[in-house]
Amino acid sequence: MLVGAYSGSCFCGAVQFTVSGEPAAMGYCHCDSCRSWSAGPVNAFTLWKPDSVRVTRGAEYIGGFTKTPKSDRKWCKMCGGHLYTVHPGWGVTDVYAASIPDLPFRPGLHVNYQETTLRMHDGLPKMKDMPAEMGGSGVVIAE
């Protein structure tokens, strides 16, 4: 269990934020949108209640992009660094694990594994899409 406050920022530091309390979940997303947005083969996520995420500096530099109603992605207008994604339908904010350097990242699952381009053999559950409580099938597939 992680309880506390952790600081994070964009790439240049113009936008700074804190996350506090305990994350709702941590893991890896393999969906095409997250891979494209993160410019990597997988995205490490930490999900927080929206009131657990607080911008402490540089709110005026935050830009956003909404590709679908499920995800409102936030980034720094100064450096282009990605900050977090608001998921209004799920009631969580995904703060990219890499932008919270002191947070002990403890992934619990993989989501959207049917879309993976990088097989990961780590013993964690691999969800075909999303957990049932988030509107997915809840189906776990083999590594």
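**Close-up views of the strands, pocket and ring pair**

**View 1. Strands S6 and S7 make a hairpin with two residues between them.** This is a predicted model, where local features need pLDDT of at least 70, side-chain atom pairs count only at pLDDT 80 or more, and totals for chains, interfaces and linings use all residues. Residues are numbered from 1 along each chain as its sequence is written, and side-chain values use heavy atoms, without hydrogens or water. Strand S6 covers 62–68 and S7 covers 71–76 (strands are DSSP runs of E, at least two residues, and helices are runs of H or I, at least four, both numbered from the N terminus). The two strands run antiparallel, joined by six bridges (strands pair if DSSP finds at least two bridges between them). Look for Thr66: its bridge partner in S7 is Asp72.

**View 2. From S7, the chain carries on through a hairpin to S8.** Here S7 and S8 (residues 82–87) pair in the antiparallel sense over four bridges, and Arg73 has Thr85 in S8 as its bridge partner. Five residues sit between these strands, and Gly80 in the turn shows a positive phi of about 85°. Next comes the S8–S9 hairpin, with four residues in between and antiparallel pairing over four bridges. In that turn, Gly91 has a positive phi of about 70°. Tyr84 stands opposite Val95 in S9.

**View 3. Strands S1, S2 and S5 form an open sheet.** The order is S1-S2-S5, with antiparallel pairing. The edges belong to S1 (4–9) and S5, each of which pairs on one side only. S1 and S2 (residues 16–21) share six bridges in the antiparallel sense. To find your way along them, pick out Ser9, whose bridge partner in S2 is Gln16, and Ser7, which is matched with Thr18 in S2. These two strands also make a hairpin: six residues lie between them, and Gly13 in the turn has a positive phi of about 90°.

**View 4. The largest pocket holds about 520 Å³ of space.** Its lining counts 25 residues, and those nearest the centre are Cys31, His87, Trp90, Asn112 and Met130. (On a 1 Å grid over the protein atoms alone, a pocket is an open set of points for a 1.4 Å probe with protein on both sides within 12 Å along at least five of seven lines; lining residues have an atom within 4 Å of a point. The volume is the space filled by probe spheres set on the points, which are joined across faces, edges and corners.) Elements giving two or more residues to the lining include S3 (25–29), H1 and S10 (109–111), while S4 supplies the largest share, three residues. By type, the lining has twelve nonpolar, eight polar and five charged residues (Ala, Val, Leu, Ile, Met, Phe, Trp, Tyr, Cys and Pro are nonpolar; Asp, Glu, Lys and Arg charged; the others, Gly among them, polar).

**View 5. A search of the whole structure turns up one aromatic pair.** Tyr28 and Phe105 meet edge-to-face, at 5.5 Å centre to centre and 80° between the planes (rings of Phe, Tyr and Trp, the last by its six-membered ring, pair if their centres lie within 6.5 Å; planes under 30 degrees apart are stacked, over 60 edge-to-face, the rest tilted). Tyr28 is in S3 and Phe105 in the loop between S9 (92–96) and S10, so the pair ties together parts 77 residues apart in sequence.

**View 6. Confidence is highest in S5 and lowest in H1.** Strand S5 (residues 53–57) has a mean of 98, against 90 for helix H1 (residues 32–38). The protein's mean pLDDT is 94, with 98% of its residues at 70 or more (pLDDT is the predictor's confidence in each residue, from 0 to 100).
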